[in-house]
Amino acid sequence: MRRAKIMVVDDEHLIRWSLEQNLKKQGYEVCTAGTGEDALRIARDEQPELVLLDYHLPGINGLEVLQRLKEIDEEILVIMVTAQGGLETAVNTMRHGAYDYINKPFNLDEMALVVRKALETSELRREVVQLRSEHKKQGPPKILGNSKHMKNVLEMMAKVAKSDASTVLVQGESGTGKELVAKYIHYESARADKPFVAINCAAVPSTLLESELFGHEKGAFTDAKTSKKGLFELADGGTVFLDEIGDMEVGMQAKLLRFLEDRTFRRIGGSKVIPVDVRIISATNKDLMKAIEDKSFRNDLYYRLQVIPIFLPALRERKEDILVLANHFIDVFSKEFGKPTKGISSMAEKLLVEYNWPGNIRELKNVIERAIILGNDENLLLENLPLEIVAKASQVTVPLTTFKLPPEGIDIEEVERELIKQSLEMTDWNQSKAAKKLNLGIDAFRYRMKKFGFLK
């Protein structure tokens, strides 16, 4: 595990020593300096993530050291340590880039808390930079589809991404890929370098949703121990994705509508009006027109959100895309799990296309992942599919229309034995080819050969 490096800068030996020992006990790597000049030299060599910097130093003072540290590394976190009563001085240092300040004499537990929060901030910054870098490399998510429906959707998405449209409403059944559409629009737009923030309105209690979106000031309510920025503020310049907007409580809908009018808001408990520039992409699997009739969704909010509407078709309405998506997922999961599967048997293809996919693309993805994990053949076979798909296929796929069950019945074991025998005879006892004749995996076929005495 990576150990954060901290530099302690203070001209008093006892303070340097006590802080060094205390920070080392907490697992940090620590270096120290007694003057500003030494601090700058050590900072260049050691590259600490955080500096505890005393303001009153011999030679150059803390404010100048702070400014020069920022020239060495703009991302370095500096906590100023000031003499008691030096609030004005401390605030001045924060204007010049200090992360925080703490007064002397300080409590070691208090210092530990400030240090931990500062390093958490540093870690979050690094994660944000890394995520943005990854998104730049990867580009927008891959959205597949050759059907007329999807070609229309893709064309619409490309136009919206390049436009200045501030509100987009994506509608479609659960599992159709609404969040992927939102991400595609964001990462193909001029906002791609700014945050993409998503929230599921149905997953957050209505009492907390306002705080999540707009933030709150310290003391605004019982548990508001500190001030907190909301998602609209954090995503300034970027995109906010409001998933399951149809489940938002009516009172919160009114507050969202007010925000959409001029893109300004106040944090809960605050008086300052905060303007932001965000694109709002909302999504729902509900029939919002019906919700308007039921008085559970505001008519004015609906028309404000659906300036640009995008409708995602269900997978059963774009059957020509099913095998395109299935083969894509096979490629992804075969690589992930180190399996040899490269394609789909004809019988399995038929069932995949005929199935209605009530869970849409999400269900297809889960089915393929399960099949790859459990299978071990070059092709995804009928036996790798869940029973519900085989049972619910719209037509009987096995060509047994010429077979008639005799009135006295039949021993199914004998039928299975005869099929194994015939497939072996048809393929000159090539087990692999015989297994494919019956759409069985080689292990399942050999099990049956052994069961019926064809394999010792």
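Which residues form a negative surface patch? Select Asp411, Glu414, Glu418 and Glu425, and you have it. Patches here are built from residues with over 30% relative accessible area and no salt bridge, like charges being joined within 9 Å and nonpolar side chains (Val, Leu, Ile, Met, Phe, Trp, Tyr) within 5 Å.

Before going on, a word on what is on your screen: this is a predicted model, where local features need pLDDT of at least 70 and side-chain atom pairs count only at pLDDT 80 or more, while totals for chains, interfaces and linings use all residues. Residues are numbered from 1 along each chain as its sequence is written, and side-chain values use heavy atoms, with hydrogens and water left out.

**Around the patch**

Zoom in on Asp411, in the loop between α16 (387–392) and α17 (412–426). Helices are DSSP runs of H or I with at least four residues, strands are runs of E with at least two, and both are numbered from the N terminus. Asp411 is partly exposed, at 42% relative accessible area. On this scale buried means under 20%, exposed means over 50%, and partly exposed is in between (1.4 Å probe, protein chains only).

Now pick Arg417 in helix α17, also partly exposed with a relative accessible area of 31%. Leaving aside neighbours within four places in sequence, Arg417 is in contact (heavy atoms within 4.5 Å) with Phe452 and Phe454. Try a distance label to Lys451: 34 residues away in sequence, but 8.8 Å in space, C-alpha to C-alpha.

**Salt bridges**

The structure holds 25 salt bridges, each a side-chain nitrogen of Lys or Arg within 4 Å of a carboxyl oxygen of Asp or Glu. Show Asp54 and Lys104, whose closest N and O atoms are 3.4 Å apart. Asp54 sits in strand β3 (residues 50–54) and Lys104 in strand β5, so this pair ties together parts that are 50 residues apart in sequence. Both Asp54 and Lys104 are buried.

Next, select Lys255 and Glu210, a salt bridge with its closest N and O atoms 2.8 Å apart. Lys255 is in helix α10 and Glu210 in helix α8 (residues 206–214), so parts 45 residues apart in sequence are tied together. Lys255 is partly exposed at 29%, and Glu210 is partly exposed at 23%.

For a pair within one helix, go to Asp331 and Lys335, which meet at 3.4 Å, N to O. They are four residues apart in helix α13 (residues 322–337), so about one helical turn separates them. Asp331 is partly exposed at 39%, whereas Lys335 is exposed at 64%.

**A buried arginine**

What is the nearest side chain of opposite charge to Arg16? It is Asp10, 5.9 Å away, and Arg16 is buried with no salt bridge. Lys and Arg count as positive and Asp and Glu as negative, with His and the chain ends not counted. You'll find Arg16 in helix α1 (residues 13–25).

**Backbone oddities**

Most residues other than glycine have a negative phi, and most peptide bonds are trans. Select Lys104 again, this time with Pro105: a cis peptide bond joins them, with omega about -10°. Pro105 is in the loop between β5 (100–104) and α5 (108–138).

Last stop: Trp357, in the loop between α14 (346–354) and α15 (360–374). Trp357 has a positive phi of about 50° and is buried at 0% relative accessible area. Asn360, in helix α15, has a positive phi near 60° and is buried at 0%.

Key:
Accessible areas come from the Shrake-Rupley method with a 1.4 Å probe; for residues, only the protein chains shown count as cover. The place of a charge is taken as NZ of Lys, CZ of Arg, CG of Asp or CD of Glu.
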